[in-house]
Amino acid sequence: FCDIFNNIPNCKLAFIQNGRHTDMRFDGKKIGNYKLDYYFVSGEASASFFKNYIETIFIASGSPIANNFNVACHKPVRKIQWIGTFKPSKSFPYSFQNWFYKPIAVALKTINLFCQMHNMKLEILGRTNLHEEFNLYKEFLDDNFIFKGNDINRSPYEQYFNLSNNAIICGLDSALQYEAFSLQYRTAFLTFRSHYIGNKSYGFGWPDIKEDTGHFWTNIPDEEKILEILLYLK
(Lines give C-alpha, C1' and ligand atoms only; values in the text may rest on other atoms or scores of the structure.)
Protein backbone atom coordinates (compact mmCIF):
# COMPACT_ATOMS: atom_id res chain seq x y z
CA PHE A 1 0.00 0.00 0.00
CA CYS A 2 2.81 2.43 0.86
CA ASP A 3 4.52 1.78 -2.47
CA ILE A 4 1.29 2.24 -4.43
CA PHE A 5 0.15 5.44 -2.71
CA ASN A 6 3.58 7.06 -2.96
CA ASN A 7 2.85 7.15 -6.69
CA ILE A 8 -0.56 8.81 -6.17
CA PRO A 9 0.36 12.12 -4.49
CA ASN A 10 -3.21 13.49 -4.47
CA CYS A 11 -4.46 10.65 -2.27
CA LYS A 12 -4.01 10.30 1.47
CA LEU A 13 -3.11 6.96 3.03
CA ALA A 14 -4.02 6.13 6.63
CA PHE A 15 -3.52 2.89 8.55
CA ILE A 16 -5.50 1.79 11.60
CA GLN A 17 -3.85 -0.64 14.01
CA ASN A 18 -5.97 -3.74 14.54
CA GLY A 19 -4.84 -5.87 17.48
CA ARG A 20 -1.63 -5.86 19.47
CA HIS A 21 1.80 -6.30 17.96
CA THR A 22 5.16 -7.93 18.68
CA ASP A 23 8.62 -7.54 17.20
CA MET A 24 7.52 -9.98 14.48
CA ARG A 25 5.21 -7.35 12.91
CA PHE A 26 7.94 -6.12 10.55
CA ASP A 27 9.89 -9.32 10.00
CA GLY A 28 11.81 -9.06 6.76
CA LYS A 29 11.00 -5.35 6.30
CA LYS A 30 13.62 -2.63 5.93
CA ILE A 31 13.96 -0.08 8.71
CA GLY A 32 12.75 3.40 7.73
CA ASN A 33 11.56 2.30 4.31
CA TYR A 34 7.84 3.19 4.36
CA LYS A 35 5.85 6.41 4.24
CA LEU A 36 2.17 7.15 4.74
CA ASP A 37 0.11 10.10 5.93
CA TYR A 38 -1.45 8.89 9.18
CA TYR A 39 -1.23 5.84 11.40
CA PHE A 40 -3.92 5.52 14.07
CA VAL A 41 -2.31 3.31 16.73
CA SER A 42 -3.48 1.82 20.02
CA GLY A 43 -1.00 3.82 22.08
CA GLU A 44 2.35 5.56 22.30
CA ALA A 45 4.17 2.26 22.90
CA SER A 46 3.10 1.01 19.47
CA ALA A 47 4.13 4.30 17.87
CA SER A 48 7.59 4.11 19.47
CA PHE A 49 8.16 0.76 17.73
CA PHE A 50 6.48 1.50 14.39
CA LYS A 51 8.43 4.76 13.90
CA ASN A 52 11.56 2.70 13.26
CA TYR A 53 9.97 1.41 10.07
CA ILE A 54 7.37 3.97 9.00
CA GLU A 55 7.54 7.73 8.45
CA THR A 56 4.10 9.14 9.25
CA ILE A 57 2.02 11.18 11.68
CA PHE A 58 1.11 8.88 14.55
CA ILE A 59 -2.19 9.37 16.38
CA ALA A 60 -2.73 7.37 19.56
CA SER A 61 -6.44 6.67 19.19
CA GLY A 62 -6.89 3.50 21.24
CA SER A 63 -8.90 0.59 19.91
CA PRO A 64 -11.56 1.51 17.32
CA ILE A 65 -13.68 -1.35 18.68
CA ALA A 66 -13.22 -0.85 22.42
CA ASN A 67 -13.79 2.91 22.06
CA ASN A 68 -17.44 2.10 21.40
CA PHE A 69 -17.96 0.33 24.75
CA ASN A 70 -18.58 1.81 28.18
CA VAL A 71 -15.94 1.57 30.88
CA ALA A 72 -16.42 -1.05 33.59
CA CYS A 73 -18.62 -0.47 36.62
CA HIS A 74 -16.95 -2.54 39.34
CA LYS A 75 -19.02 -4.91 41.44
CA PRO A 76 -17.85 -7.46 44.04
CA VAL A 77 -15.79 -10.17 42.36
CA ARG A 78 -17.73 -13.39 41.87
CA LYS A 79 -15.83 -15.09 39.06
CA ILE A 80 -12.78 -15.18 36.84
CA GLN A 81 -13.08 -14.85 33.08
CA TRP A 82 -10.34 -16.31 30.91
CA ILE A 83 -9.88 -14.76 27.45
CA GLY A 84 -9.01 -17.53 25.02
CA THR A 85 -6.25 -17.17 22.43
CA PHE A 86 -6.76 -20.55 20.80
CA LYS A 87 -5.83 -21.09 17.15
CA PRO A 88 -5.65 -24.30 15.13
CA SER A 89 -2.22 -25.80 15.81
CA LYS A 90 -0.99 -25.34 12.23
CA SER A 91 -1.12 -21.54 12.63
CA PHE A 92 1.24 -21.26 15.62
CA PRO A 93 4.50 -19.42 14.81
CA TYR A 94 6.32 -21.46 17.50
CA SER A 95 5.92 -25.03 18.75
CA PHE A 96 2.40 -25.82 20.00
CA GLN A 97 3.77 -26.86 23.41
CA ASN A 98 5.62 -23.61 24.07
CA TRP A 99 3.21 -21.27 22.35
CA PHE A 100 -0.03 -22.56 23.82
CA TYR A 101 0.01 -25.72 25.91
CA LYS A 102 2.59 -24.94 28.61
CA PRO A 103 1.51 -21.37 29.44
CA ILE A 104 -2.18 -22.32 29.37
CA ALA A 105 -1.56 -25.30 31.67
CA VAL A 106 0.20 -23.22 34.34
CA ALA A 107 -2.31 -20.37 34.13
CA LEU A 108 -5.55 -22.34 34.19
CA LYS A 109 -4.49 -24.82 36.87
CA THR A 110 -3.52 -21.94 39.17
CA ILE A 111 -6.66 -19.96 38.37
CA ASN A 112 -8.77 -23.04 39.05
CA LEU A 113 -7.06 -23.42 42.44
CA PHE A 114 -7.81 -19.77 43.26
CA CYS A 115 -11.46 -20.23 42.29
CA GLN A 116 -11.74 -23.24 44.60
CA MET A 117 -10.08 -21.35 47.47
CA HIS A 118 -12.48 -18.42 47.14
CA ASN A 119 -15.66 -20.21 45.97
CA MET A 120 -15.67 -18.47 42.61
CA LYS A 121 -16.75 -19.49 39.13
CA LEU A 122 -14.46 -19.79 36.12
CA GLU A 123 -15.71 -18.72 32.69
CA ILE A 124 -13.80 -19.28 29.47
CA LEU A 125 -14.47 -16.69 26.78
CA GLY A 126 -13.44 -18.80 23.83
CA ARG A 127 -11.76 -17.42 20.77
CA THR A 128 -13.75 -19.93 18.72
CA ASN A 129 -16.69 -22.27 19.22
CA LEU A 130 -14.68 -25.32 18.15
CA HIS A 131 -14.73 -28.57 20.13
CA GLU A 132 -10.95 -28.62 19.81
CA GLU A 133 -10.70 -25.48 21.93
CA PHE A 134 -13.28 -26.67 24.47
CA ASN A 135 -11.54 -30.03 24.88
CA LEU A 136 -8.18 -28.38 25.57
CA TYR A 137 -9.63 -26.42 28.49
CA LYS A 138 -11.40 -29.52 29.72
CA GLU A 139 -8.04 -31.30 29.85
CA PHE A 140 -6.84 -28.82 32.48
CA LEU A 141 -10.11 -28.12 34.29
CA ASP A 142 -12.25 -31.27 34.05
CA ASP A 143 -15.80 -29.86 34.16
CA ASN A 144 -15.11 -26.98 36.54
CA PHE A 145 -15.78 -24.17 34.08
CA ILE A 146 -18.36 -22.53 31.86
CA PHE A 147 -17.40 -22.24 28.19
CA LYS A 148 -18.77 -19.36 26.14
CA GLY A 149 -17.80 -20.05 22.56
CA ASN A 150 -17.42 -17.38 19.93
CA ASP A 151 -18.50 -17.54 16.30
CA ILE A 152 -16.51 -14.62 14.91
CA ASN A 153 -18.23 -14.83 11.53
CA ARG A 154 -21.66 -14.47 13.13
CA SER A 155 -20.87 -11.94 15.84
CA PRO A 156 -17.29 -10.57 15.93
CA TYR A 157 -17.92 -8.47 19.07
CA GLU A 158 -19.75 -11.01 21.22
CA GLN A 159 -16.95 -11.45 23.76
CA TYR A 160 -16.78 -7.69 24.34
CA PHE A 161 -20.38 -7.84 25.53
CA ASN A 162 -19.52 -10.86 27.72
CA LEU A 163 -16.93 -8.98 29.79
CA SER A 164 -18.32 -8.89 33.31
CA ASN A 165 -18.26 -6.14 35.94
CA ASN A 166 -18.05 -8.75 38.71
CA ALA A 167 -15.08 -10.64 37.25
CA ILE A 168 -11.31 -10.63 37.16
CA ILE A 169 -10.34 -10.76 33.48
CA CYS A 170 -7.37 -13.07 32.85
CA GLY A 171 -5.43 -14.19 29.82
CA LEU A 172 -2.05 -14.50 28.18
CA ASP A 173 -1.62 -11.55 25.83
CA SER A 174 -4.69 -11.05 23.63
CA ALA A 175 -5.77 -7.72 22.15
CA LEU A 176 -9.16 -8.12 23.85
CA GLN A 177 -7.36 -8.40 27.18
CA TYR A 178 -5.58 -5.08 26.64
CA GLU A 179 -8.85 -3.54 25.50
CA ALA A 180 -10.55 -4.78 28.68
CA PHE A 181 -7.74 -3.18 30.67
CA SER A 182 -8.24 0.12 28.85
CA LEU A 183 -11.95 -0.09 29.73
CA GLN A 184 -10.93 -0.33 33.42
CA TYR A 185 -11.85 -3.95 34.00
CA ARG A 186 -9.80 -5.68 36.70
CA THR A 187 -7.32 -7.43 34.43
CA ALA A 188 -4.56 -9.96 35.13
CA PHE A 189 -1.88 -10.33 32.46
CA LEU A 190 -0.26 -13.75 32.70
CA THR A 191 2.13 -12.93 29.90
CA PHE A 192 4.55 -15.81 30.36
CA ARG A 193 4.14 -17.07 26.83
CA SER A 194 7.20 -14.84 26.40
CA HIS A 195 9.10 -17.08 28.87
CA TYR A 196 8.38 -20.30 26.98
CA ILE A 197 9.08 -19.04 23.48
CA GLY A 198 12.03 -16.83 24.46
CA ASN A 199 10.57 -13.65 22.97
CA LYS A 200 10.34 -10.63 25.27
CA SER A 201 7.98 -8.77 22.93
CA TYR A 202 5.18 -11.04 24.16
CA GLY A 203 5.73 -9.73 27.70
CA PHE A 204 3.37 -7.26 29.34
CA GLY A 205 3.37 -3.74 27.94
CA TRP A 206 6.21 -4.29 25.46
CA PRO A 207 8.17 -2.25 24.47
CA ASP A 208 7.54 0.24 27.29
CA ILE A 209 7.28 -1.98 30.39
CA LYS A 210 10.61 -3.59 31.29
CA GLU A 211 9.81 -5.26 34.63
CA ASP A 212 8.87 -8.94 34.50
CA THR A 213 6.35 -8.68 37.34
CA GLY A 214 4.00 -6.09 38.81
CA HIS A 215 0.79 -5.82 40.79
CA PHE A 216 -1.30 -7.24 37.94
CA TRP A 217 1.12 -8.90 35.53
CA THR A 218 3.83 -11.53 35.39
CA ASN A 219 6.08 -12.69 32.56
CA ILE A 220 7.25 -15.54 34.79
CA PRO A 221 5.18 -18.76 35.20
CA ASP A 222 5.16 -18.78 38.99
CA GLU A 223 2.08 -20.13 40.82
CA GLU A 224 2.67 -18.03 43.95
CA LYS A 225 2.91 -14.81 41.93
CA ILE A 226 -0.26 -15.64 39.98
CA LEU A 227 -2.18 -16.21 43.22
CA GLU A 228 -0.79 -12.93 44.57
CA ILE A 229 -2.00 -11.04 41.47
CA LEU A 230 -5.49 -12.56 41.64
CA LEU A 231 -5.80 -11.75 45.33
CA TYR A 232 -4.67 -8.16 44.67
CA LEU A 233 -7.34 -7.72 41.99
CA LYS A 234 -10.02 -9.37 44.13
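**Exercise 1. Glutamate 228 and its partner**

Task: Is glutamate 228 buried, partly exposed or exposed, and where does this residue lie relative to lysine 225?

Solution: Start with the surface. Glutamate 228 has a relative accessible area of 47%, so this residue is partly exposed. Bear in mind as you work that the model is predicted. Next, look at the side chain: glutamate 228 forms a salt bridge with lysine 225, at 3.0 Å from N to O. Now place the pair. Both residues belong to helix H8 and are three residues apart, about one turn of the helix. Finally, check the partner: lysine 225 has a relative accessible area of 14%, and because buried means under 20%, lysine 225 counts as buried.

**Exercise 2. Helix against helix**

Task: At what angle do helices H3 and H8 pack, and which hand does their crossing have?

Solution: First, recall what is needed: two packed helices are described by the angle between their axes and the distance between the axes. For H3 (residues 96-117) and H8 (residues 223-233), the angle is about 50 degrees and the axes are 10 Å apart. This angle makes H3 oblique to H8. Last comes the hand: the crossing of H3 past H8 is right-handed.

**Exercise 3. Salt bridges between separate elements**

Task: How many salt bridges are counted, and which parts of the chain does the pair glutamate 123 and lysine 148 tie together?

Solution: A general reminder helps here: side chains of opposite charge can pair when their charged atoms come close. The count for this model is six salt bridges. In one of them, the closest N and O atoms of glutamate 123 and lysine 148 are 3.6 Å apart. Glutamate 123 sits in strand E5 (residues 121-125) and lysine 148 in strand E6 (residues 146-148), so the bridge ties together parts that are 25 residues apart in sequence. Then compare the two surfaces. Glutamate 123 is buried at 6% relative accessibility, whereas lysine 148 is partly exposed at 28%. To finish, widen the view: Lys79, Glu123 and Lys148 are linked in a network of salt bridges.

**Exercise 4. Aspartate 173 and arginine 193**

Task: Where do the two residues of the pair aspartate 173 and arginine 193 lie, and is aspartate 173 buried or exposed?

Solution: Begin with the contact, a salt bridge of 2.9 Å from N to O between the side chains of aspartate 173 and arginine 193. Aspartate 173 lies in the loop between strand E7 (167-171) and helix H6 (175-182), while arginine 193 lies in helix H7 (residues 193-197); the pair links distant parts of the chain, 20 residues apart. As for the surface, aspartate 173 is buried at 5% relative accessibility, and arginine 193 is buried too, with 1%.

**Exercise 5. Backbone features in loops**

Task: Which peptide bond is cis, and which phi values do asparagine 119 and glutamine 184 have?

Solution: Take the peptide bond first. The bond from tryptophan 206 to proline 207 is cis, with omega near 5 degrees, and proline 207 lies in the loop between H7 and strand E9 (217-218). Move on to asparagine 119, which is not a glycine but has a positive phi of about 55 degrees. Asparagine 119 lies in the loop between H3 and E5 and is exposed at 73% relative accessibility. Glutamine 184, also not a glycine, has a positive phi of about 70 degrees. Glutamine 184 is found in the loop between H6 and strand E8 (187-190) and is partly exposed at 48%.

Note on methods: Residues are numbered from 1 along each chain as its sequence is written. This is a predicted model: local features need pLDDT of at least 70, side-chain atom pairs count only at pLDDT 80 or more; totals for chains, interfaces and linings use all residues. Side-chain values use heavy atoms; hydrogens and water are left out. Axes are lines fitted to C-alpha atoms, for helices over the stretch in contact, and angles run from 0 to 180 degrees between N-to-C directions. Helices (H or I, at least four residues) and strands (E, at least two) are DSSP runs, numbered from the N terminus. Angles under 35 degrees count as roughly parallel, over 145 as roughly antiparallel, 65 to 115 as roughly perpendicular and the rest as oblique. A crossing is left-handed if the near helix is turned anticlockwise from the far one by less than a right angle, and right-handed if clockwise. A salt bridge is a side-chain nitrogen of Lys or Arg within 4 Å of a carboxyl oxygen of Asp or Glu. Buried means under 20% relative accessible area, exposed over 50%, partly exposed in between (1.4 Å probe, protein chains only).
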